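Student: Please pick one part of this model and give me a close look at what surrounds it. I work with grids and cut-offs every day, so do spell out the criteria as you go.

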Amino acid sequence: MKRIEIIGALFGDAALPLLGFLFWDWGFYFIVLFFVFDNVIRSIFLNKRVKNLPSMNVNRRFALKGISITFLELCLLHLLVFLTLAPIEFFQEIWAFLSYEELGIAQGVLLIPLLVFNELFRIRNEMKAKVPQNVRFEILKSSQYFQFGRLILWCIFILGASFLDIKESVLVVVLIATLCVQPFYVFRNIS
């Protein structure tokens, strides 16, 4: 399970944004939107994941904390984009992201349902593979810790952006690097 999860996360979360940056002219905010939509969908389904852990006695605060961290990360990333890529028209960029066409299909029409399906599929596979509840909880907890670490990183970059001119390529590399490191951190204790 560990190897498959790491490879899947590296391919889906890191490789695609890297390819987009290198070959399809995706900018930092475009990649941030890709990342944010994925995290928001995961947060929406966090409560369902917690409910699937009845023997762990996980309360609703855990899910609420995860949703709060995701919301705070969304806000920090937008502040970072505002400070480093100004002037930027957020609504225009979000629309460009959702209407971006690949193979003649608008990304928004395809991406959102795929993210929802992916999360439902992931939850179903965990149940079907009979992944122990304590392992699933450790994965969720490690993900929250890593996400909290990213919050600190974004705060450092926001502070740095107040004094320095941070290049967009640096921001892309840092974001993709965090996406590459995350699966190794999250699944480090899982056999």
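Tutor: Gladly; here is a close look at one helix and its surroundings. Keep in mind that this is a predicted model, where local features need pLDDT of at least 70 and side-chain atom pairs count only at pLDDT 80 or more, while totals for chains, interfaces and linings use all residues. Residues are numbered from 1 along each chain as its sequence is written, and side-chain values use heavy atoms, with hydrogens and water left out.

Let's take helix α2, residues 28–44. Helices here are DSSP runs of H or I with at least four residues, and strands are runs of E with at least two, numbered from the N terminus. Its partner is α8 (residues 168–186), and the two pack at about 25 degrees with axes 9 Å apart. Those axes are lines fitted to C-alpha atoms over the stretch in contact, and the angles run from 0 to 180 degrees between N-to-C directions. The pair is therefore roughly parallel (under 35 degrees; over 145 is roughly antiparallel, 65 to 115 roughly perpendicular and the rest oblique). Their crossing is left-handed, meaning that the near helix is turned anticlockwise from the far one by less than a right angle, whereas clockwise would be right-handed.

Who touches whom? With contact taken as heavy atoms within 4.5 Å, Phe28, Tyr29, Ile31, Val32 and Phe35 of α2 meet Glu168, Leu171, Val172, Leu175 and Leu179 of α8. By class, this contact holds 9 nonpolar residues, no polar ones and 1 charged (nonpolar: Ala, Val, Leu, Ile, Met, Phe, Trp, Tyr, Cys and Pro; charged: Asp, Glu, Lys and Arg; polar: the others, Gly among them).

Phe28 and Tyr29 turn up again in the lining of the second largest pocket, alongside Gly27, Phe30, Leu33, Leu85, Ile88, Glu93, Ala96 and Glu168. On a 1 Å grid over the protein atoms alone, a pocket is an open set of points with protein on both sides within 12 Å along at least five of seven lines, a cavity is a set where a 1.4 Å probe fits but cannot get out, and lining residues have an atom within 4 Å of a point. The volume of this pocket is about 150 Å³, counted as the space filled by probe spheres set on the points, which are joined across faces, edges and corners. Helix α2 gives the most to the lining, with 4 residues, and α5 (90–99) also supplies at least two. The lining has 7 nonpolar, 1 polar and 2 charged residues.

Phe35 also has a second role, lining the largest cavity with Val36, Asn39, Val40, Thr70, Glu73, Leu74 and Leu77. This cavity has a volume of about 30 Å³, and the count of cavities of 30 Å³ or more is 1. Both α2 and α4 (60–85) supply at least two of its lining residues, and the classes are 5 nonpolar, 2 polar and 1 charged.

Finally, one step outward. Helix α8 also packs on α7 (residues 133–163), with axes within 10 Å that cross at roughly 160 degrees. That makes the two roughly antiparallel, and the crossing is right-handed. Leu171 and Leu175 of α8, which meet α2, are also among the residues that meet α7. Helix α7 packs with α4 as well, at about 25 degrees with axes 9 Å apart, in a left-handed crossing.
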